[in-house]
Amino acid sequence: MPATVDLNRVEHMARVLLEKFCDFLVTTIQKRHHGSGDACWRLCGANGANHFHIFWSCRVLRTYWEGIHEHIQNIFGVNIPFKCETMYFGDTLFDNWNINDQKILGILLAASKKSITRKWLKVDPPTINEWIDIVHEIYIMEKLSFSLRVQKAKFYRIWTKWAEYVKPVR
Ligand SMILES: [Zn+2]
């Protein structure tokens, strides 16, 4: 009898495993960094700083995540709940979006995490400008790779919303 695969369950398990791995990594690195204890390296006062804390709930990150949230709402012209599920995981909420918007949203959210890792073990949080820089790096790489594959039209379908949005500041 073939086993039925519940994809939601598989996805959930993968997420849980990834979080556990990240917790392990964060704790190990922090312990090495501080010699002892697991206080948050952003000096927010929290102890037991795990993956969830380092990437999402740390109060030092609050302004950063609020900024990302506001920009994403502006880019797509929608209201998005300010929750970890949506901002961090890019929740199922976006399943009914068109494929280009889903793609660019995925990139923007990945960049928002990447800028946190670039400030690893630093007291100060990442900034919106650093986020925009990372998205721009991805933009350049994608532009190059799409032009090599003669898929410029597809590239612009995906990136136009972002390119138009940052035009005044870039
Ligand atoms: Zn913290």
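Student: Which residues in H6 meet which residues in H7?

Tutor: In this predicted model, Ile132, Val135, Tyr139, Glu142, Lys143, Phe146 and Ser147 are the residues that H6 brings to the contact. From H7 come Lys152, Lys154, Phe155, Trp159, Trp162 and Val166. By class, the residues of this contact comprise 8 nonpolar, 1 polar and 4 charged.

Student: At what angle do helix H6 and helix H7 pack, and how far apart are their axes?

Tutor: Helix H6 (residues 128-148) packs against helix H7 (residues 152-166) at about 160 degrees, and their axes are 10 Å apart.

Student: What makes H6 roughly antiparallel to H7?

Tutor: Angles over 145 degrees count as roughly antiparallel. The angle here is about 160 degrees, so H6 is roughly antiparallel to H7. The crossing of these two helices is left-handed.

Student: Why are H5 and H7 called oblique to each other?

Tutor: H5 and H7 pack at about 60 degrees, with their axes 8 Å apart. Roughly parallel requires an angle under 35 degrees, and roughly perpendicular covers 65 to 115. The value of about 60 degrees falls in neither range, and H5 and H7 are therefore oblique. H5 passes H7 in a right-handed crossing.

Student: Which residues in H5 and H7 meet?

Tutor: Asn100, Lys103 and Ile104 in H5 meet Arg157, Ile158, Trp159, Lys161 and Trp162 in H7. This contact of H5 with H7 has 4 nonpolar residues, 1 polar and 3 charged.

Student: What makes H3 roughly perpendicular to H7?

Tutor: The angle between H3 and H7 is about 115 degrees, and their axes lie 10 Å apart. The range for roughly perpendicular is 65 to 115 degrees. The value of about 115 stands at the end of that range, and H3 is therefore roughly perpendicular to H7. The crossing of H3 and H7 is right-handed. In this contact, Asn74, Ile75 and Phe76 in H3 meet Lys161, Trp162 and Tyr165 in H7. Its residues divide into 4 nonpolar, 1 polar and 1 charged.

Student: Which residues of the largest nonpolar core touch the most other members?

Tutor: They are Ile104, Trp131 and Val135, in a core of 22 residues. Two or more residues each come from helix H3 (62-76), helix H5 (99-118), H6 and H7. H6 gives the largest share, 5 residues. Leaving out residues up to four places away in sequence, Trp131 touches Ile68, Ala111, Ser112, Ser115 and Pro126.

Student: How do you know that Thr127 is partly exposed?

Tutor: A residue is buried with 20 or more other C-beta atoms within 10 Å and exposed with 12 or fewer. Thr127 has 14, which places this residue between the two limits, so Thr127 is partly exposed. Thr127 is found in the loop between H5 and H6. Its C-alpha atom is separated by 9.0 Å from that of Ile116, 11 residues apart along the chain.

Student: Why does Leu121 count as exposed?

Tutor: Exposed residues have 12 or fewer such neighbours. Leu121 has 11 C-beta neighbours inside 10 Å and therefore counts as exposed. Leu121 also lies in the loop between H5 and H6. Its phi is near 65 degrees, a positive value in a residue other than glycine.

Student: Why does Leu43 count as exposed?

Tutor: The limit is again 12 or fewer. Leu43 has 10 C-beta neighbours inside 10 Å, so Leu43 counts as exposed. Leu43 lies in the loop between helix H1 (7-34) and helix H2 (51-57). Phi of Leu43 is near 55 degrees, a positive value in a residue other than glycine.

Student: What makes Trp56 partly exposed?

Tutor: Trp56 has 17 other C-beta atoms within 10 Å. That number is over the limit of 12 for exposed residues and under the 20 needed for buried ones, so Trp56 is partly exposed. Trp56 lies in helix H2. Apart from neighbours within four places in sequence, Trp56 is in contact with Cys84 and Tyr88. Trp56 and Lys113, 57 residues apart in sequence, are 9.3 Å apart from C-alpha to C-alpha.

Student: How many helices and strands are there in the protein?

Tutor: The protein has 7 helices and 0 strands. Buried residues make up 17% of its 170 residues.

Key
Residues numbered from 1 in each chain as written. Predicted model: local features only at pLDDT ≥ 70, side-chain atom pairs only at ≥ 80, totals over all residues. Axes fitted to C-alpha atoms, helices over the stretch in contact; angles between N-to-C directions. Helix = DSSP H or I, 4+ residues; strand = E, 2+ residues; numbered from the N terminus. Left-handed = near helix turned anticlockwise from the far one by under 90°. Contact = placed C-beta atoms within 7 Å. Nonpolar A, V, L, I, M, F, W, Y, C, P; charged D, E, K, R; others polar. Core = buried A, V, L, I, M, F, W, Y, C linked by C-beta atoms within 7 Å.
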